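Hi everyone, thanks for having me. Today I'd like to walk you through one protein chain, so please have a look at the picture first.

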Amino acid sequence: MTIGVDDDESAFSHLDDSKATEESWLRICSKLKGEVGEVEYRTWLTKIALGPVDGDEITLLLPTRFLRDWVRSQYGDRLSELWNQEVSSIRRVELQVARPGDPTAPTALLLEENPTPATTSTPSEPEDAGRTTPEVKSDIVASLDTRFTFDTFVVGKPNEFAYACARRVAEKPSSVGFNPLFLYGGVGLGKTHLMHAIGAELLQRGNVSVAYMSAEKFMYRFIAAIRSQSTMEFKEQLRSVDVLMIDDLQFLIGKDNTQEEFFHTFNALVDAGRQIVVSADKSPSDLSGLEDRLRTRLGCGMVADIHATTFELRISILEAKAAASGVVVPAKVLEFLAHKITSNVRELEGALNRLIAHANLFGRPVTLEATQDVLHDILKAHDRRVTIEEIQKKVAEHWNIRLTDMSSARRARAVARPRQVAMYLAKQLTSRSLPEIGRKFGNRDHTTVMHAVSRVAELMERDAAFAEDVELMRRMLES
């Protein structure tokens with residue numbers, strides 16, 4: 001696979017001289033090292049060797065297919081950009097697995113052999129021992145998202161316990177009963193947000209080393225350490241931190257060797273009085289596929305569930321997001337989104353972000369009509385066939401009447417009007433005939449349904465607020 005860089009009109013500067021090629025490569029190595037941090041650099045990039053130049057293409061060699069694929073996916077585009085910036089004639093970077101004994105392959109020029117001036121001290125120097133913690137911090141803490149803080153986390157009934165536990169850990173790591181802190185819940189409910197918030201709070205206070213990574217990244221680093229025969233360095237890096245946070249632990253299910261390493265790391269940190277925070281999509285007892293001893297240790301601290309969001313919490317999240325954006329989003333639009341997108345807060349926020357971006361780009365107000373147009377693909381994924389029973393339930397909830405009132409003989413306006421709206425929506429949103437609709441509303445005659453439909457249509461023309469309520473109900477139910 002070749003990683004390409006867009007063509008330009010700049011003149012080519014040829015690399016016929018191997019010494020010039022090596023000098024360019026050293027400068028690129030230095031930039032990479034500064035960008036990704038010492039630990040990331042040593043873990044993934046030290047084994048890259050400089051290969052031959054063929055016209056406008058340069059080859060970089062790696063010792064294994066695993067490393068080649070990882071470097072290609074994580075750093076391929078950046079390597080192409082840096083080479084093109086350094087030497088405009090280089091348009092393509094090819095990553096290949098080095099073939100042992102290949103006479104055409106040049107002697108490996110490894111990044112670790114050419115450290116930047118800031119890291120040239122030898123291991124025997126006293127200050128080297130004190131450099132471990134900053135290296136771990138600069139590498140792993142860089143993954144923390146500064147947007148995810150406790151201040152930006154919207155608290156409600158479904159997540160208040162998990163939030164309180166996370167704050168306690170951020171204030172007093174290794175608190176009795178809170179080590180480990182195990183957060184679990186469905187996708188997009190705020191587990192990762194709380195973990196980033198813990199890390200941000202701890203770092204702000206200073207004098208604490210924090211390591212945050214996904215379980216997948218933990219696994220890849222462990223595998224890389226085995227391949228490069230640097231497992232002791234890997235163990236020391238993680239076991240020297242004050243707080244270790246592992247996200248999406250369910251990824252380790254079925255990875256027995258990685259589970260073994262995590263178990264020993266877990267024990268070493270807890271025995272040393274260090275804090276561990278873990279997240280997963282299920283509770284420890286429900287994570288089938290984890291070793292029993294690991295599952296037991298994970299459940300011995302504080303286990304906090306983040307429940308599915310309620311309508312009220314979704315509204316609060318949307319209101320906070322809209323207020324921070326500076327764009328006026330009508331309450332009816334927020335209610336519409338909170339009703340339509342119920343399972344994933346991340347998707348809910350993404351939908352609102354798209355609406356806000358659309359409003360800013362085109363200078364148009366946010367309306368229900370615009371919302372349906374802009375979010376057509378998202379809403380379509382949540383669409384379903386509407387039934388009369390569902391219409392009755394939603395209308396009854398909206399107007400705060402009993403569901404049985406839909407088929408009762410009560411004629412009070414507080415009951416009759418919502419019933420008429422439900423009949424109107426049943427006519428608009430289903431393919432049922434008037435007699436069929438009438439039967440669903442207490443065996444009423446089809447003429448009663450016709451009267452209800454015409455009456456609601458008439459009121460919608462005269463009363464804008466009523467029309468908006470009916471339109472909101474229709475958009476929430478529409479398939």
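Before we start, one bit of vocabulary: two strands pair if DSSP finds at least two bridges between them. Strands themselves are DSSP runs of E with at least two residues, numbered from the N terminus. With that in hand, here is a first example: M245 stands opposite V277 in β8.

Please keep in mind that this is a predicted model.

Let's begin with the overall picture. The protein chain has 20 helices and 9 strands. It is 479 residues long, and 47% of those residues count as buried. Now take the contacts between residues at least 6 apart in sequence: 75% of them join residues at least 24 apart.

Now let's go back to the strands, starting with β7. This strand covers residues 243-247. How many of the residues of β7 are buried? The count is 5 of the 5, so β7 is largely enclosed by the rest of the structure. You can check that face by face. On one side sit V243, M245 and D247, on the other L244 and I246, and all of these are buried.

Who are the neighbours of β7? On one hand there is β6, residues 210-214, which runs parallel to β7 and is joined to it by 5 bridges. If you want a pair to look for, S214 has D247 in β7 as its bridge partner. On the other hand there is β8, which pairs with β7 in the parallel sense over 4 bridges. We have already met M245 opposite V277, and you can add I246, which stands opposite V278 in β8.

How does the chain get from β7 to β8? Helix α9, residues 256-271, belongs to this part of the story: β7, α9 and β8 make a right-handed β-α-β unit.

Let's stay with β8 for a moment. It spans residues 275-280, and 6 of its 6 residues are buried. Both faces are covered here too: Q275, V277 and S279 lie on one side, while I276, V278 and A280 lie on the other. β8 also pairs with β5, residues 181-185, in the parallel sense and over 4 bridges. In that pairing, Y184 stands opposite A280.

Next, let's turn to charged side chains. How many salt bridges are there in the count? The total comes to 20. I picked three to show you.

The first one links E81 and R78, whose closest N and O atoms are 3.0 Å apart. Both residues sit in helix α3, residues 65-86, and because they are 3 residues apart, about one helical turn separates them. Are they hidden away? E81 is partly exposed, with a relative accessible area of 38%, and R78 is partly exposed as well, at 27%. This pair also has company, since E35, R78 and E81 are linked in a network of salt bridges.

The second one joins K157 to E160, with 3.5 Å between the closest N and O atoms. Here K157 is exposed, with a relative accessible area of 68%, whereas E160 counts as partly exposed at 36%.

The third one is between E471 and R474, where the closest N and O atoms are 2.7 Å apart. They are 3 residues apart in helix α20, residues 464-477, so about one helical turn lies between them. Buried means under 20% relative accessible area. E471 has 17%, so it counts as buried, and R474, at 18%, counts as buried too.

I'll finish with a charged residue that does things another way. R444 is found in the loop between α18 and α19. R444 is buried, yet it has no salt bridge. Where is the nearest side chain of opposite charge? That is D405, and it is 9.1 Å away. What does the side chain of R444 reach, then? It reaches the backbone oxygen of F441, at 2.6 Å. Leaving aside neighbours within four places in sequence, R444 is in contact with several residues, among them M406, S407, S408 and A409. R419, M423, G438 and R439 are in contact with R444 as well.

That's my tour. Thanks for listening, and I'm happy to go back to any part of the picture with you.

How values were computed
Residues numbered from 1 in each chain as written. Predicted model: local features only at pLDDT ≥ 70, side-chain atom pairs only at ≥ 80, totals over all residues. Heavy atoms only, no water. Buried < 20%, exposed > 50% of the residue type's maximum accessible area, 1.4 Å probe, protein only. Right-handed = clockwise from strand over helix to strand, strands pointing away. Lys, Arg positive; Asp, Glu negative; His and termini not counted. Salt bridge = Lys/Arg side-chain N within 4 Å of Asp/Glu carboxyl O. Polar contact = N/O pair within 3.5 Å; in protein donor to acceptor, adjacent residues only side chain to side chain. Contact = heavy atoms within 4.5 Å.
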